[in-house]
Amino acid sequence: MSGAAVMTGSSASAKSDGTLIVRDLPASVRLVPGEKVKFILPTNKTTGYSWTANGGCCTTSGATIAKVSKGVYAAPDNANGMVGVSGQTTWTVTAQRTGKTTVTVVTSPPGAQNTMNDETVGVLQITVMAK
């Protein structure tokens, strides 16, 4: 890691491995190829809604600027027996090559996929700079 990861416009922290952690959207980050940013948002699987992160594309030649992982849901550690308590979903974005792109998180109602009912939760703007 070169230590060039920079974030503006939101709360953030860094793990000991240099991975930037974002907890609020919208946000903007600057990375160099190979660096990672994780964004963690509160989600609640018990509602039936689903959360997806889309984006990371593309240069004028169609090459991916940043690769976005599938979200990984984690239930709360201690819900004290309560049902319906929200957990969190974590997505990891890995910078691939220079350029600018966005990752948009949307939530969809139960049983819906890619509909007009999807709602934008937040946007992560990414600038990948040369090393």
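In which sense do β4 and strand β11 pair, and over how many bridges? In this predicted model, β4 and β11, the latter spanning residues 119-128, run in the parallel sense and are joined over five bridges. Within this pairing, V29 of the one strand stands opposite I126 in β11.

The pair belongs to a fold built from strands. The protein has eleven strands and zero helices, so that its pattern along the sequence is simply β-β-β-β-β-β-β-β-β-β-β. Of the contacts with a separation of 6 or more, 59% involve residues 24 or more positions apart. Buried residues account for 32% of the 131 residues. About 7,500 Å² of the protein is exposed, and carbon and sulfur atoms supply 50% of that area.

Strand β4 (residues 27-31) is a pleasant place to start a closer look. In a regular strand, side chains alternate between the two faces of the sheet. Along β4 this alternation can be followed residue by residue: A27, V29 and L31 point to one face and are buried, whereas S28 and R30 point to the other face and are not buried. V29 is also among the residues with the most contacts inside the largest nonpolar core, a set of 20 residues. The others in that group are L25, V37, F39, V93, L124 and I126, so the partners V29 and I126, which stand opposite each other, both appear in it. Two or more residues of this core come from each of β3 (20-22), β4, β5, β9, β10 (99-108) and β11.

After β4 the chain enters the loop that leads to β5, where G34 is found. With a relative accessible area of 41%, G34 is partly exposed, because it falls between the limits of 20% and 50%. Although 94 residues separate G34 from V128 in sequence, their C-alpha atoms are 9.6 Å apart in space.

What aromatic pairing does the structure contain? A search of the whole structure finds one aromatic pair. F39 and W91 form this pair, with 5.2 Å from centre to centre and 20° between the planes. The arrangement counts as stacked because the angle is under 30 degrees. The pair links distant parts of the chain, with F39 in strand β5 (residues 36-43) and W91 in strand β9 (residues 87-95), 52 residues apart. F39 and W91 are both buried, and F39 is one of the residues with the most contacts inside the largest nonpolar core.

A further link between separated residues involves strand β8 (residues 72-74), where V72 lies. V72 is exposed, because its relative accessible area of 54% is over 50%. Beyond its neighbours within four places in sequence, V72 is in contact with Q88, T89 and T90. For one of these partners, Q88, the separation along the chain is 16 residues, and the C-alpha atoms of V72 and Q88 are 8.2 Å apart.

Finally, the cysteines deserve a word. The count comes to one disulfide, formed by C57 and C58 with their sulfur atoms 1.4 Å apart. The pair counts as a disulfide because this distance is within 2.5 Å. The link is left-handed, with -60° about the S-S bond. Is each of its cysteines buried or exposed? C57, at 47% relative accessibility, and C58, at 28%, both count as partly exposed, because these values lie between 20% and 50%.

Technical notes:
Residues numbered from 1 in each chain as written. Predicted model: local features only at pLDDT ≥ 70, side-chain atom pairs only at ≥ 80, totals over all residues. Heavy atoms only, no water. Buried < 20%, exposed > 50% of the residue type's maximum accessible area, 1.4 Å probe, protein only. Phe/Tyr/Trp six-rings, centres within 6.5 Å; stacked < 30°, edge-to-face > 60°. Helix = DSSP H or I, 4+ residues; strand = E, 2+ residues; numbered from the N terminus. Contact = heavy atoms within 4.5 Å. Areas by Shrake-Rupley, 256 points an atom, 1.4 Å probe, with all protein chains shown as cover. Pairing = 2+ DSSP bridges. Core = buried A, V, L, I, M, F, W, Y, C linked by side-chain atoms within 4.5 Å.
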